[in-house]
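Hello,

Here is the structure I promised to pass on to you. Please have a look at it first, and then read on for what turned up when I went through it.

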Amino acid sequence: MESKTDAGSGSVSSEELAAIEDEEVLNKMLDSATDFEERRMMRAALRELLKKKRDKREQDRGSRQQDLRQQGLGRGAGTGGAVAVGRASMNQQPPANRAAGQTSPPAGSPAGPAAASAPKCPPAAAPNVKNVKQMLLDWCKAKTEPYEGVDIRNFSSSWKDGIAFCALVHRFFPDAFEYSTLNPNKPRDNFQLAFNTAERLAGCPPLLDADDLVRMKEPDWKCVYTYIQEFYRCLVEKGLVKTKKRV
């Protein structure tokens, strides 16, 4: 009877459990709890916490996709504006000819010095983006090179079984899980392990969903690229990656 009293004195309320936002803490409490009612409340709190995280993940992914769409529209508008300026410049008559009373040269005749060709539009940002993408891909290759079963060649098919994600995360957090026990035939487990570990230890938001990835024949390279960019930034903020250029 005395032990039950002591256990009851250390119990927590549902409000206190609801205030806990660390899944690992709730799991440890659930493992150590012996009272049936306490375990029931802890399981309920854990389910609610997972639901909140899942909802936040969906919201973050929606926001990220909206940002990507807006960036695409912005680049398209910028290119259209540059083309319009170029066309307007081509349609302008050379003022020097008009001032001297000269008529415009007939169509097909060589233009004078004042009627130089229209200014060329500066190259779009695509080459720079391509360079950044290649740099990030090379970084992933270098960091995962020692890992068996990983051969990163792109941001799509090379990541489809989740092993590459796990290797990249494990490189910076080697004590988080045992890499040698991973199974490439269980991609969903690998995705979940990598994303959860990156979120817990690096603060990287789970922009990708394991269930979505396993339904695809190959992951969408833009989604993988965006996630790796975010993971890289989180590592830089934590001082785990030293760099002079921000990716």
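Let me start with the contacts along the chain: among those between residues at least 6 apart in sequence, 57% join residues at least 24 apart. Please keep in mind that this is a predicted model. The chain contains 10 helices and 0 strands, so its pattern, read along the sequence, is α-α-α-α-α-α-α-α-α-α. Of the 247 residues in the chain, 28% are buried.

**Helix α10**

I spent a good part of my time on this helix. α10 covers residues 221–237, and at 1.5 Å a residue its 17 residues should span 24 Å; the C-alpha atoms at its ends are 24 Å apart, which agrees. At the N-terminal end, Asp220 acts as the cap, with a side-chain oxygen 3.0 Å from the backbone nitrogen of Lys222. After α10 comes Gly239, which has a positive phi near 80 degrees.

Which residues of α10 are buried? They are Val224, Tyr225, Thr226, Tyr227, Ile228, Gln229, Glu230, Phe231, Tyr232, Cys234 and Leu235.

Three residues of this helix deserve a closer look.

- Trp221 belongs to α10 and is partly exposed, at a relative accessible area of 36%. Beyond its neighbours within four places in sequence, Trp221 contacts Lys133, Phe155 and Ser156. Ser156 is 65 residues away along the chain, yet the C-alpha atoms of Trp221 and Ser156 are separated by 4.6 Å. As for Lys133, its charged end sits over the ring of Trp221, 3.8 Å from the ring's centre.
- Thr226, also in α10, has 8% relative accessibility and therefore counts as buried, the cut-off being under 20%. Its side chain reaches the backbone oxygen of Lys222 at 2.8 Å. Residues up to four places away in sequence aside, Thr226 touches Arg64, Leu68 and Leu207.
- Tyr227 is another α10 residue, and it is buried with a relative accessible area of 2%. Not counting residues up to four places away in sequence, Tyr227 touches Phe165, Ala194, Phe195, Ala198, Cys204, Pro205, Pro206, Leu207 and Leu208. From Tyr227 to Pro205 the distance is 8.5 Å, C-alpha to C-alpha, with their positions 22 residues apart in sequence.

**The nonpolar cores**

The largest nonpolar core has 40 residues, and those touching the most other members are Trp139, Phe155, Trp159, Phe165, Tyr227, Ile228 and Phe231. Two or more residues of this core come from each of α6 (126–144), α7 (163–172), α8 (187–202), α9 (210–215) and α10. There is also a second, separate core of 9 residues, with Leu30, Ala33, Met42 and Ala45 among them.

Back in the largest core, Trp139 is in contact with Leu168, Phe172, Ile228, Tyr232, Leu235 and Val241, leaving aside its neighbours within four places in sequence.

Helix α8 is worth a stop too, for Thr197, which is located there. Thr197 is buried, with a relative accessible area of 2%. Residues up to four places away in sequence aside, Thr197 touches Val169, Ala176, Phe177 and Ala202.

**Aromatic pairs**

A search of the whole structure gives 13 aromatic pairs. One of them is formed by Trp139 and Tyr232, which are edge-to-face, at 4.9 Å centre to centre and 85 degrees between the planes. Why does this pair tie together parts that are 93 residues apart in sequence? The reason is that Trp139 lies in helix α6 and Tyr232 in helix α10. Both Trp139 and Tyr232 are buried.

Ring pairs also link a cluster made up of Phe155, Trp159, Phe165, Phe191, Phe195, Trp221, Tyr225 and Tyr227. Trp221 and Tyr227, described above, both appear in this cluster.

If you would like a place to begin in the viewer, I would start from Trp139 and its edge-to-face partner Tyr232, and then go on to Trp221 with the charged end of Lys133 over its ring.

Best wishes, and happy browsing!

Key
Residues are numbered from 1 along each chain as its sequence is written. This is a predicted model: local features need pLDDT of at least 70, side-chain atom pairs count only at pLDDT 80 or more; totals for chains, interfaces and linings use all residues. Side-chain values use heavy atoms; hydrogens and water are left out. Helices (H or I, at least four residues) and strands (E, at least two) are DSSP runs, numbered from the N terminus. The expected span of a helix is 1.5 Å times one less than its number of residues. Buried means under 20% relative accessible area, exposed over 50%, partly exposed in between (1.4 Å probe, protein chains only). A polar contact is a pair of N or O atoms within 3.5 Å; within protein, one must be able to donate a hydrogen and the other to accept it, and residues adjacent in sequence count only if both atoms are side-chain atoms. A nonpolar core is a set of buried Ala, Val, Leu, Ile, Met, Phe, Trp, Tyr and Cys residues joined through side-chain atoms within 4.5 Å. Contact means heavy atoms within 4.5 Å. Rings of Phe, Tyr and Trp (its six-membered ring) pair if their centres lie within 6.5 Å; planes under 30 degrees apart count as stacked, over 60 as edge-to-face and the rest as tilted. A charge sits over a ring if NZ of Lys or CZ of Arg is within 6 Å of the ring centre and within 35 degrees of the ring normal.
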